[in-house]
Structure formats: structure tokens, C-alpha cells
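Trainee: Could you take me through a close look at a single part of this model, the position that its database record annotates, and then place that part among the other local features?

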Amino acid sequence: AGLHTLAKAAGKLYFGTATDNPELTDTAYAAKLNDSKEFGQITPGNSMKWDATEPTRGTFTFSGGDQIANLAKANGQLLRGHNCVWYNQLPSWVSDGTFTAADLTTVIQNHCGTLVGHYKGQIYSWDVINEPFNDDGTWRQDIFYNTLNTTYVPIALKAARAADPNAKLYINDYNIENTGAKATAMLNLVKELIADGVPIDGVGFQCHFIVGEVSTSLQTVMEQFTALGLEVAITELDIRMTLPETEALLAQQQKDYQSVVQACMNVEGCVGITIWDWTDKYSWVPSTFSGQGAACPWDENFAIKPAYNGIVAAL
Ligand code: XIL
């Protein structure tokens, strides 16, 4: 039936995937990506990031992002915007810049406002803030925090809301999928934002997992956020293994995909699941985690793996 069709029938908004512009020239890849029975939502893996969209101050380039947005429109797929403010993949004028607090505030307002405004009406949800915390729950000491302390978060969220009042505004992070210091830090942040009347609609759980080590408290953590009236989503799911892949690892990966997807299914306020690309051919894992890979539900030749059946079993 297709993963999105199954997810919709089970009451979710979407099942989707990340994609990236260079992959779109692969016609067999594109044919699958365009199948809205399988994927009812897409996320650009790179082309809406700061280095891609505002490489020099005040000069915006939307060609890559537009290509993905137009594809989503043509396919009838929802679009997640990714992302406005992140310490990584920043142009050097931001990362190496020296800014007063007032100047960086203007920079963030202009970046988020222009980016979100450009896609107004086309985006289901925006990762306005990406990866604000260290794993121990302290704030990441990046240019934003070091210049503006925690105020950069409301500054970005307010600019995004003003630019597209109908987009759901998210904070997205990894290693918040288990109870612990980082999840608690995120919970405290969103509680404070809500108390202060700052626009915030959702929290994204990236879910970049390792076979045999997926979260066992994902449902519990998600429910702590939905109890505050927020929605949640699985935004970047993949489950990697140390290569070479074996039948045993693929069988464990199937169970792991099933349990992660099941956690979202069990939480009413979990609106959807996005895998961080659907095929091992274009996964970010091998180039980032040396010796690891095979993290996606389809293999490099676009054949489904046991993991696919694990997802189907949960949907
Ligand atoms: C990754 C992309 O998939 C890669 O192509 C790129 O080289 C690095 O970034 N968390 C995120 C994503 O929020 O933006 C990252 O995407 C993966 C980790």
C-alpha cells in the first residue's frame, strides 16, 4: 500500500523522507521519491540551510530549496523546512563574524524572516531551531548562544511566526529520545517559551539511532511534550550498523524500526515520521560515521530491506 498510505489510514499526517538536490538526477531514485503513496512528505537535506540560502549577508539564493518545494507541490507532498538557525553549515560570515547582540539579532531576524517568508504557504513545519543543546543538557556554545545567550531562540521563533503564521514552528534535536539531561533541558526550554508566550508548536526528535541501541523511552518522552499541548514528530530517522551488514543485523534493524515507529503510533500528538533518506545509496551515514552504514529501509539498489517490513508492521 505504501508507507504514507498506511500512516494516513492509521491517523498520522504523513510518512516522509529527506532528499537532496544532487540525487534528483537519478531517475530511478526520483521515481520512488515522487511516489506519494510511499512518501507523503519530504524534507530538503541541505538546500534550505543557512550556507545554501544566505551565503553572503543579505544575498539569498533559493534555487535549491525551490526545486524541492516545487517537487513537493507537484507530488502533493507536505514539506518540512530545515532549518533556520543551526551552529552547523553556517556561511563563514556568520560563524566567524563578530557581532554585537543587536547586530546578530538583526541578522537572525532577517535570515529567518526572509527564508520562512519566501516559502510562506508551502511549508507544513519549520525546524526554526536545530540542535541547541549539548548532550549533557547545557547550551551549545555557538555564535548564537555566545552572543545572545538563550534569547536567540525567541528571536528566531518570533521572526518565523511573523513570516508565515500558518507554518508549525519546531525545535529539533538528537539524543532527546531517551529520558535524561538533554530531554529535560528541551522540556524546560519549551515550558519557558510557552510561559513567555513565544510561538512554539512542536518538537522534532531526529532519531539517528544505532542498531540494537534504539531508545526505549521514546514514547514516554514524546508524551511529556504532548502533555504541554505541543505536537511532536520523528524528523530524521535512520538506524545505522557497523558494516558489513549481516542477516542478524538486518533482522535486529527490522525490530528497531518497528519499535521506533510504534512509539510515534502510540502517541496521538506525534504527527508523522520522516526517514533521513529512504535508500542506503544516498544516506549521510557512511561519510559521517566511519565504518558504519546500511541505515535506511531500502538498500543501495532500491530493494526493500527487512527494516521496511518492520515499519509496515508498526503502521
Ligand atoms: C546532514 C546531511 O544529510 C548531509 O548531507 C550533510 O553533509 C550534513 O548534514 N542532523 C541534521 C541534518 O539536522 O541537517 C543533518 O543532515 C544530519 C544530522
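Mentor: Before turning to the record, it helps to know that UniProt positions are given here in the numbering used for this chain, that feature names are shortened, and that annotations may be inferred rather than shown by experiment. With that caution, and bearing in mind that this is a predicted model, the UniProt entry, which is unreviewed, lists Glu 236 under "active site".

Glu 236 lies in strand S8, which covers residues 231-242. Its relative accessible area is 5%, and because buried means under 20%, Glu 236 counts as buried. Leaving aside neighbours within four places in sequence, Glu 236 is in contact with His 82, Asn 130, Asn 172, Phe 205, Gln 206, Cys 207, His 208, Thr 274 and Trp 276. For one of these residues, His 208, there is also a polar contact of 2.6 Å between its side chain and that of Glu 236.

His 82, which is among the contacts of Glu 236, takes part in a cis peptide bond with Asn 83, for which omega is about -10°. Asn 83 itself is placed in strand S3, residues 78-85. Both His 82 and Asn 83 appear again among the residues touched by Asp 127, together with Arg 80, Gly 81, Cys 84, Tyr 170 and Asn 172, when residues up to four places away in sequence are not counted. Asp 127 belongs to strand S4, residues 125-130, and with 1% relative accessibility it is buried. Asn 172 is thus listed both as a contact of Glu 236 and as a contact of Asp 127.

Following strand S8 onward, one comes to a second cis peptide bond, which joins Leu 243 and Pro 244 with omega of about 5°; Pro 244 sits in the loop between S8 and helix H11 (247-265).

Two residues other than glycine deserve a look for their backbone angles. Gln 89 has a positive phi, near 50°, and is placed in the loop that runs between S3 and helix H5 (92-95), where its relative accessibility of 27% makes it partly exposed. Asn 149 likewise has a positive phi, near 55°; this residue is in the loop between helix H7 (143-148) and H8, and it is partly exposed, at a relative accessible area of 41%.

Helix H8, residues 152-163, brings us to a helix pair, since its axis and that of helix H6, residues 101-118, come within 8 Å and cross at roughly 35°. The crossing of H6 and H8 is right-handed. On the H6 side the contact is made by Thr 105, Ile 108, Gln 109, Cys 112, Gly 113, Val 116 and Gly 117, and on the H8 side by Tyr 152, Ile 155, Ala 156, Ala 159, Ala 160 and Ala 163. By class, nine of the residues in this contact are nonpolar and four are polar, with no charged residues.

Two further positions complete the tour. Pro 286 is in helix H12, residues 285-288, is partly exposed with a relative accessible area of 42%, and lies 35 Å from Ile 155, C-alpha to C-alpha, the two being 131 residues apart in sequence. Gly 11, in the loop between helix H1 (3-9) and strand S1 (14-19), is exposed, with a relative accessible area of 61%; its C-alpha atom is separated by 9.4 Å from that of Gly 272, although these positions lie 261 residues apart in chain numbering terms of separation.

Definitions and conventions: Residues numbered from 1 in each chain as written. Predicted model: local features only at pLDDT ≥ 70, side-chain atom pairs only at ≥ 80, totals over all residues. Heavy atoms only, no water. Axes fitted to C-alpha atoms, helices over the stretch in contact; angles between N-to-C directions. Helix = DSSP H or I, 4+ residues; strand = E, 2+ residues; numbered from the N terminus. Left-handed = near helix turned anticlockwise from the far one by under 90°. Contact = heavy atoms within 4.5 Å. Nonpolar A, V, L, I, M, F, W, Y, C, P; charged D, E, K, R; others polar. Buried < 20%, exposed > 50% of the residue type's maximum accessible area, 1.4 Å probe, protein only. Polar contact = N/O pair within 3.5 Å; in protein donor to acceptor, adjacent residues only side chain to side chain.
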